[in-house]
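Let's take a walk through this model together, one pair of helices at a time. Have the sequence and the 3D view open as you read.

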Amino acid sequence: MNQTKRKGRRPLVAQNREMTEPVLPGPGATDYERYLRTDELLSLQKRPEERSHPDELMFQIVHQSSELLLKGAANELDCAREAISEGDYVRAVKLMDRAFRMFDPAIDLLHVLGTLTPYEYHIIRAGLGHGSGLDSPGFIALLHLAPRLGQAFFDQLDNTGITVEEMYRRNREFIALHEVAEKLLDFDERVQLFRFHHMKLAHRIIGADVLGTTGRSVDILRQRQEHVLYKELWEARNEITGIVNARSKMEEQGHGRN
Ligand code: HEM
């Protein structure tokens, strides 16, 4: 390379160094740490000398990660709710799929806790006070959002002037709205799945006939697990089966007459 061309250029090593120097404000040696606030994040778990049991780090990480994932899922579903209200069903479906990709790992994480043995859990539990998943901000956010998300859908159904049964019967005509309805059921199923796996986890670790940290019976987990979010959409299946059965009965009777 000729000398005149190289003049004025800093050596590559210096250029590279400049590109890795942090430019964002805040603590942390790199922009990665500053942006993600990893110092703070990684100091949110008990230090080894503070832990009641070596498994406590895993216990805290699973819970904290679940809270983040549920927060993320609730945020996407809230954006989906807005998209539904704006009639942008394609976007709503995309956002709901994204939410599920955050919800699913939170369900999976419950199985990590299934590796705790009952006696070890009780050592950790002794330090939980009245701490209960009933106060989980992430799960509460999802439960608060669920009816509003459903309302956005049912408002659009009303605006279209069709019933739920009609939407299923004429699904090709109303395919976009139909897709949203199916995503609502996917969400509903996931909430039930979370509750089912969580209930099995509680049974495995502390038992099914005991009291939780807030003095309530563990049986409330079974009761809650049976709850559905979008009853109207599930009941439409009964209605449709009823209509089809009645129709075939009439046909049979008709044939009988001939
Ligand atoms: C060893 C692990 C766990 C045990 C033994 C356990 C046990 C329980 C029990 C007994 C309850 C009933 C209420 C109470 O008495 O506190 C409950 C509620 C709850 N827990 Fe857990 N839990 C565990 C892990 C988790 C994790 C990782 C999450 C994730 C966020 C979670 C979220 C919840 C939620 C959302 C509820 C309310 C249930 C509902 O609305 O259906 N739990 N848990």
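Start with α8 and α10, where α8 passes α10 in a left-handed crossing. Left-handed here means that the near helix is turned anticlockwise from the far one by less than a right angle, while clockwise would make it right-handed. The names come from DSSP runs numbered from the N terminus, with helices being H or I runs of at least four residues and strands E runs of at least two. On the α8 side, the contact is made by Leu142, Leu149, Gly150, Phe153, Gln156, Leu157 and Thr160, and on the α10 side by Leu177, Val180, Ala181, Leu184 and Val191. Two residues count as being in contact if their C-beta atoms, placed from the backbone, lie within 7 Å. Sorted by class, this contact has nine nonpolar, three polar and no charged residues. For that sorting, Ala, Val, Leu, Ile, Met, Phe, Trp, Tyr, Cys and Pro are nonpolar, Asp, Glu, Lys and Arg are charged, and the others, Gly among them, are polar.

A word on what you're looking at. This is a predicted model, so local features need pLDDT of at least 70 and side-chain atom pairs count only at pLDDT 80 or more, while totals for chains, interfaces and linings use all residues. Residues are numbered from 1 along each chain as its sequence is written.

Now turn to α5 and α6, which pack at an angle of about 165°, with their axes 8 Å apart. Axes are lines fitted to C-alpha atoms, for helices over the stretch in contact, and angles run from 0 to 180 degrees between N-to-C directions. That angle makes α5 roughly antiparallel to α6, the label for angles over 145 degrees (under 35 is roughly parallel, 65 to 115 roughly perpendicular, the rest oblique). This crossing is left-handed, and the contact of α5 with α6 has 23 nonpolar, three polar and three charged residues.

Within α5, which covers residues 56–85, you'll find methionine 58. Is methionine 58 buried or exposed? Methionine 58 is partly exposed, because 16 other C-beta atoms lie within 10 Å; 20 or more would make a residue buried, and 12 or fewer exposed, with C-beta atoms placed from the backbone.

Finally, the ligand. Of the 26 residues around the ligand, Ser132, Gly133, Phe139, Gly212 and Arg224 come nearest; a residue is near if its C-beta atom, placed from the backbone, lies within 6 Å. The largest share of this shell, five residues, comes from α10.
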